[in-house]
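Q: Hello, I am new to this structure and would like a close look at one part of it, the contacts between chains. Please take me through that part slowly, and add whatever helps me find my way around it.

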4 protein chains.
Amino acid sequence: MSVQRPAPEWSVSRWFNSAPLSLAALRGRPVFLHAFQMLCPGCVQHAVPQSLKVAQAFVQSDLVVIGLHTVFEHHHVMTPDALQVYLHENRIAYPIGVDAYRDDDPSSHPLPLTMQAYAMQGTPTLCLIDRRGMLRRQQFGLVDDLHLGAEIGTLLAESASRA
Amino acid sequence: MSVQRPAPEWSVSRWFNSAPLSLAALRGRPVFLHAFQMLCPGCVQHAVPQSLKVAQAFVQSDLVVIGLHTVFEHHHVMTPDALQVYLHENRIAYPIGVDAYRDDDPSSHPLPLTMQAYAMQGTPTLCLIDRRGMLRRQQFGLVDDLHLGAEIGTLLAESASRA
Amino acid sequence: MSVQRPAPEWSVSRWFNSAPLSLAALRGRPVFLHAFQMLCPGCVQHAVPQSLKVAQAFVQSDLVVIGLHTVFEHHHVMTPDALQVYLHENRIAYPIGVDAYRDDDPSSHPLPLTMQAYAMQGTPTLCLIDRRGMLRRQQFGLVDDLHLGAEIGTLLAESASRA
Amino acid sequence: MSVQRPAPEWSVSRWFNSAPLSLAALRGRPVFLHAFQMLCPGCVQHAVPQSLKVAQAFVQSDLVVIGLHTVFEHHHVMTPDALQVYLHENRIAYPIGVDAYRDDDPSSHPLPLTMQAYAMQGTPTLCLIDRRGMLRRQQFGLVDDLHLGAEIGTLLAESASRA
């Protein structure tokens, strides 16, 4: 889905691999955000490996790569402790946020706050946010490397002022 | 590694998708056993999908497909509860055993009992056991489909008496 | 298609990488025969690479790997000279026969003689022939490595007398 | 290899799928040029399928996709007639030029004229030319989809004036 609206700020209860990061503070840089769950097969087999590849391919650009652990089921086993092991085993070094629930209570709503704010349909979901903070693409499911590369190349080519 | 020795009996503390199963009771049928950990990337991305493919490809033969959850690290998050979610999410329907520790105590030894008995070096490990209960192949790491198919075809072609 | 009938003798007008070979002379050994055309995309991208892989995987067995160039269209460019370059560029070292036309005349029939004898539907076509000369499998299109490996393993496991 | 110099005009003896096209006439549009030989395995198995994918992925952009048949060996079988069959069988519908030799004589030089002008090292070779006619990338061998997509996205994002 190609979109064009301000990307909502994210709500994160805990960060791994980073001090707390707000979307607002990243204004001026393009952001690749992938929402995943550590026990979702499509995430683990395709989306996370692709995100690792993106992080490596654009390491010399100013693209920001961020993972968001949007747990909306099986909370008792996809805990932050389990996530930490997952990140270690998969050698994921870019910032990972845990999508928050209101009052830190997963029974408060079927979905965590950032999933709600972005109206995500499930995991994996890919979001591309441009230098001005506009949400340019949100995709539930898989995106092939060629199209993804082109969209990232476009965001990188835009200047912050012009964009 | 091509081997030829009696396959040790396995030690399982809990079964999923099956009543308790002993190797002895499977005598007469060839067995495909894959040892894995649910948070081991090579297992999740390659060995488990291959095992699912094997289970489907040989569904009309008398091959027995078994998974063994050989947790030797991060026990606090690779619990039976977490495994149950993993099996559900990945639609794994063949029997899965949890490799046991002596006295159910992971601090008793760095490795669980079946890993010790088979002298496995890590996960994933693939074991092929013939109709007579001989361990014909044990491989740490990945095996390509063509060789794996050939070895399974060989075991299936052997008669229980002759073998 | 799983079949069980005597494999017809092939008709070959020219051999590459080998002295003339008859199927009859190979009795006692299992035969992997792949029919292809050098300008058929499915052959070039999938079937020929798979055949090269089979030739390498079973090099220590007595499996015979044979390619058959079954040209039924565009004869003016898929000549033996062009085939020779194709074999050289793809480093194909196993025996390759050119499927013959009656009186060496491609206008004599829409299909060359071996294609007719086997009732092949097109290229690529895979044939597995057992030690007794029985055609055990004939498949138009692609076969995945796991199933193919299993069928080859089965043929290899059969003894010539028993089979 | 990342480069930045005016892309040389190409020398083409015959066009398929198009009236004659000069690079000069394409000024203002980005150009994806892939040099290939129809019997080069790396071309046939990777570069040409990738080029077909590029042509489809960017069909709604103003990217120009062009194939150049740079035959520098085995001229007697990689003829324009054979190429025509190859294009038909692989359903290649974008413009394809045949790299020319001086006086149409392949014995005049080991390489055809465009290969010489671009100093190509072999096939496949990928060239990306920007809207101003600058050669921004020339790569012998394979390029992965993610990087390729990003580079195409960058070229597309540039305006003709600014670029």
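A: Happy to help! Two residues are in contact here if their C-beta atoms, placed from the backbone, lie within 7 Å. Please keep in mind that this is a predicted model. Its scores are ipTM 0.91 and pTM 0.92. For chain A, the mean pLDDT is 95, and 96% of the residues reach 70 or more.

Let us begin with chains A and B. By the contact rule, chain B brings 14 residues to this meeting and chain A brings 14 residues too. On the side of chain B that touches chain A, helix H1 (41-57) and helix H2 (80-89) of chain B each supply at least two residues. Of the elements there, H2(B) gives the most, with 5 residues. Sorted by class, that side of chain B holds 8 nonpolar, 4 polar and 2 charged residues.

How are these two copies placed relative to each other? A turn of 180° with a shift of 0.0 Å along the axis lays chain B on chain A, with an RMSD of 0.0 Å. If you would like a landmark for that axis, look for Gln45(B): within chain B, its C-alpha is the nearest to the axis, at 2.7 Å. The copies meet through the same surface, because 100% of the interface residues of chain B are also interface residues in chain A.

Now turn to chains A and D. This contact takes 16 residues from chain D and 16 residues from chain A. The side of chain D that touches chain A draws at least two residues from each of helix H1 (41-57) and helix H4 (145-157) of chain D. H4(D) provides the largest share of that side, 12 residues. By class, the side of chain D facing this contact has 8 nonpolar, 4 polar and 4 charged residues.

The placement of chain D can be described in a similar way. Chain D can be laid on chain A by a turn of 180° and a shift of 0.0 Å along the axis, with an RMSD of 0.0 Å. The two copies are thus related as by a two-fold rotation axis. Here, too, the same surface serves both copies, as 100% of the contact residues of chain D recur in chain A.

For a finer view of one helix beside another chain, let us move to H2(C). Ala82(C), Leu83(C) and Tyr86(C) are buried in this helix. They sit on the same side of H2(C), because they cover an arc of only 100° around its axis. On the face turned away from that buried side, you will find the exposed residues Asp81(C) and His88(C). The cover over the buried residues of H2(C) includes S4 and strand S5 (96-99) of chain C, together with H2 of chain D. Just after H2(C) comes Arg91(C), which takes a positive phi of about 50°.

Chain D has a residue with a similar note. Arg91(D) is not a glycine, yet its phi is positive, at about 50°. Look for Arg91(D) in the loop between helix H2 (80-89) and strand S5 (96-99) of chain D. Arg91(D) is exposed, because 8 other C-beta atoms lie within 10 Å, and a residue with 12 or fewer counts as exposed.

Back in chain C, His74(C) is another non-glycine residue with a positive phi, near 50°. His74(C) lies in the loop between strand S4 (64-69) and helix H2 (80-89) of chain C. With 19 C-beta neighbours inside 10 Å, His74(C) counts as partly exposed, because burial begins at 20.

Finally, there is a backbone detail to look for in the two chains we started with. In chain A, the peptide bond from Thr123(A) to Pro124(A) is cis, with omega near -5°. Pro124(A) belongs to the loop between helix H3 (113-118) and strand S6 (125-129) of chain A. In chain B, a cis peptide bond joins Thr123(B) and Pro124(B), where omega is about -5°. Pro124(B) is found in the loop between helix H3 (113-118) and strand S6 (125-129) of chain B.

Terms used
Residues numbered from 1 in each chain as written. Chains lettered and ligands numbered in written order. Predicted model: local features only at pLDDT ≥ 70, side-chain atom pairs only at ≥ 80, totals over all residues. Least-squares fit on C-alpha atoms with pLDDT ≥ 70 in both. Helix = DSSP H or I, 4+ residues; strand = E, 2+ residues; numbered from the N terminus. Nonpolar A, V, L, I, M, F, W, Y, C, P; charged D, E, K, R; others polar. pLDDT = per-residue confidence, 0-100. Arc of directions from axis to C-beta.
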